[in-house]
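Trainee: Could you help me read the features of a structure, one at a time?
Mentor: Gladly; let us look together.

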Amino acid sequence: MKLVIAEKNIAAQKIAQLLATGKPKNDKVYNTPVYRFDVEGEEWVSMGLAGHILAPDFPDEILFDKKEGWYSLTEDGEVLNAQVPDGLARPPYDTKRKPFLANGINIKGWKVESLPYLTWAPIIKNPAEKEIIRVLKNLAKKADSVVIATDFDREGELIGSDALSCVREVAPDVPVSRARYSALIKGEVTEAFNNLVELDQNLADAGESRQYIDLIWGAVLTRYLTLAKFGGFGNVRSAGRVQTPTLALVVERERERMAFVPEDYWQIRGMAAAKGADFKINHATARFTDKDAAQTAFGHVDGVVAGTVTDVAKRSRKQQPPVPFNTTSLQAAAAAEGISPARTMRIAESLYMSGLISYPRVDNTVYPRSLDLEGIVKGLAANSPALAPVCKKVLAGPMKPTRGKTETTDHPPIHPTGQGDPTTLDSGQLKLYNLIARRFLATLMGPATIENTKVSIDVAGEPFTASGDVLVDAGFREAYPYGLKRDEQLPALDAGDVVDVHDVNLEAKQTEPPARYSQGKLVQEMEKRGLGTKSTRASIIERLYQVRYLKNDPIEPSQLGMAIVDALSQFAPRITTPEMTAELDEDMTHVAEGQDTQTHVVDHSRALLAGMLDNLIEHKDDLGEAISDAVTADARVGACPKCGKDLVMKQSAKTRGSFIGCMGWPDCDVTYPVPSGVKVSPLEGDAAVCPECGAPRIKCQPFRQKAYEQCVNPKCPTNYEPDLKVGECSVCAEAGRHGDLIAHKSEKSGKRFIRCSNYEECGVSYPLPARGKLEATGEVCEHCGAPVVVVETARGPWRICVNMDCPGKEKKEKPARGAKGAAAKGSTAKKTPAKKASSSKKTTAKKPAAKKTTSKKSSSAQ
DNA sequence: GCAAGGTC
């Protein structure tokens, strides 16, 4: 039996299909899919790994041994030594230091003083994919020969080399060869298997050097930053070859913004009307940099009510259809639609696994000739009714696909497969699927034609212009409406026409600093600078958010993020720039070409890091202080009204809950609750202090809603709301009592809720939205009998039934998510009346809970 | 409980 080892399941499956005489048989070994097939009478089996199956790490215990050398590793009685190669700077060691734990069970085992040892510590490779390794060994034992058919790149060679080392453990003598193919197509793969070669150990060593250097620098600097000022568990301050330069990009942009000096300019803008249509007009001088000139011009037109059209110019321009998606361009396009790169990859992975889209990790932007474009469009038309009309148009057209700049042959650009049922997708999946499907169709369509009309208007001797864009031929835009500017339609005008002019204003403006990065732009910038790969960029950005170096979108660095970059730029500048990656790539090339060795390259890198450690350790306290100050600054919400110290967001050690507390504690005991469901940030200047009570005023940002400002003190008169009767309690009425439903606002937490005046008896309460003026309507809900109130929101009045479990609400939800959402909601909302009711042991009180449960079940079942 | 790289 011949064993073929591929990098991933899909490749194993494809290889089987391409090489098999007849059809391959899908089989499983311990739940891992394998493919059994026949090649000219010989029995073959292919299996996919899951990327790297071994992970580099430091051994659990590294003991320093001054007799044996710089360090020795004891493991199963075996003593290994590694010497610093000649010609490399040795860090100054204190040879009297005690043994240390490199991989302590907890952070207590980490010591800044032990970092020089860690820098020179040996690295072992642990099994990371135990199931896969088990299957691999199982099959290798039975194999007469093995072919490594991982991807044709550096990491692929390393993954293959790791697999080989696993194979060797059970089959020391089995012949092993390597198949190199750069596209999963028949010609390439058969060619590769007809011309098998040896595994390129130099190339694998190059990949492994990359692993080691990343681990050493990452672990040493992360431990250093984390220990410089230990902020408690869960507060790791990470650093790395890719993440730190990426953070530095964001910090650099923020610094440019802070250093930016805005310039004043003035604009004269107004409205005009003709033939029943209103349109915008601007002074032909788009920006006046001279205030006097602007005022003079404005003086001429202020109060003037008519203008004369002097010229109408039309120009049509073509907009070319977009090129096929690769990973980066998909991430950028999805980010513009509000899906972060990391979420895009998670969703894309799920769509790929369900067979709706092609492999999502690609650089290629050129469809291979072998791709059946027409078949895919036909499949889309059949499976997506919404896309069918556009598909029809595409099929009728010449269907000449666009091409991007990057052409590789390993995988096609990201495209829909045309298979699978998109109606089963959840809303996030559907949004991304539509983007991918529509992009695919757009790449097969013609350009869009946009007609621009520029109207020149004379207003009291001052030149004004109006501009209109109209899509006259949609072309690809019919399939791909993303990022489309709205049409600015102008009425049909001719020179000499007179238009009404109104609302002309002189506006004082300032130039804007360079924009912050969006997540999409940052991914593109990383690619441009050679930072990370298509598979890692999204998760690296997510990581920077997770360790709270970054916040918001567009991306801002936190004070902590800036402090980290400052500190590392000073003491370990190499880690903060993209050059480390560039130099690493160069070293890797040398190792791959046999001009250098893994040991030399890695040790050289260790020496560079070791050379920075003295300085880092010496400045540990300065850096700890800078980090500590930055963390406080990030948590600050305002000034304490009692002692003037900073009020910051804190975590209760007991309950793990958040609260706002004074940095002066224990001398000052001022605390406030944190408004729930919103992101809190401080206000600046006069707005930062409440004129009524002196407590800080804060900015509250609810998820995807308008931000508002309020005083943090729930007892402040500005937060006071009188109790309001909103209806009568139906549970009490049924029990022959009278109960009023009253809306309260808790003084302690600031939360609003409705509670029956007989709450002890009936246990009836409902939550209320945190914001918006409440009004009672006296009406009850037609679905559940709970009171209906009006909440005044930023978007206008909103009539709601106060019952979160009301069956009338769930009808709107889609069945796939509705069932889940209803169940989750039900469990929390049901609790309030039911739990309270059982504690007061009133049988009548159980009724509403039971009723709710049944109505919910019926509604989620539909 | 440290990185970056694969992929599930």
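Mentor: We begin with an idea: a polar contact is a pair of N or O atoms within 3.5 Å; within protein, one must be able to donate a hydrogen and the other to accept it, and residues adjacent in sequence count only if both atoms are side-chain atoms. Here, a polar side-chain atom of aspartate 57 is 3.3 Å from a base nitrogen of DNA strand B. This is a predicted model, where local features need pLDDT of at least 70 and side-chain atom pairs count only at pLDDT 80 or more, while totals for chains, interfaces and linings use all residues. Residues are numbered from 1 along each chain as its sequence is written, chains are lettered from A and ligands numbered from 1 in the order in which they are written, and side-chain values use heavy atoms, leaving out hydrogens and water.

Trainee: Which side chains have a polar atom close to a phosphate oxygen of DNA strand B, at 2.7 Å?

Mentor: Lysine 8 has a side-chain N or O atom 2.7 Å from a phosphate oxygen of the strand, and threonine 536 has a polar side-chain atom 2.7 Å from a phosphate oxygen.

Trainee: How many residues surround DNA strand B?

Mentor: A residue is near a strand if one of its heavy atoms lies within 4 Å of it. By that rule 39 residues surround DNA strand B, with Ala50 and Thr536 among the closest. Of the strand's atoms that come within 4 Å of the protein, 68% belong to sugar and phosphate.

Trainee: Which element gives the largest share of that surface?

Mentor: Helices (H or I, at least four residues) and strands (E, at least two) are DSSP runs, numbered from the N terminus. H6 gives the largest share of the surface near DNA strand B, eight residues.

Trainee: How many aromatic pairs are there?

Mentor: Rings of Phe, Tyr and Trp (its six-membered ring) pair if their centres lie within 6.5 Å; planes under 30 degrees apart count as stacked, over 60 as edge-to-face and the rest as tilted. The whole structure has five aromatic pairs. Tryptophan 44 and phenylalanine 193 have ring centres 5.7 Å apart and planes at 45 degrees, so this pair is tilted. Tryptophan 44 is in strand E4 and phenylalanine 193 in helix H5, so the pair ties together parts 149 residues apart in sequence.

Trainee: Is tryptophan 44 buried or exposed?

Mentor: Buried means under 20% relative accessible area, exposed over 50%, partly exposed in between (1.4 Å probe, protein chains only). Tryptophan 44, at 7%, is buried, and phenylalanine 193, at 10%, is buried too.
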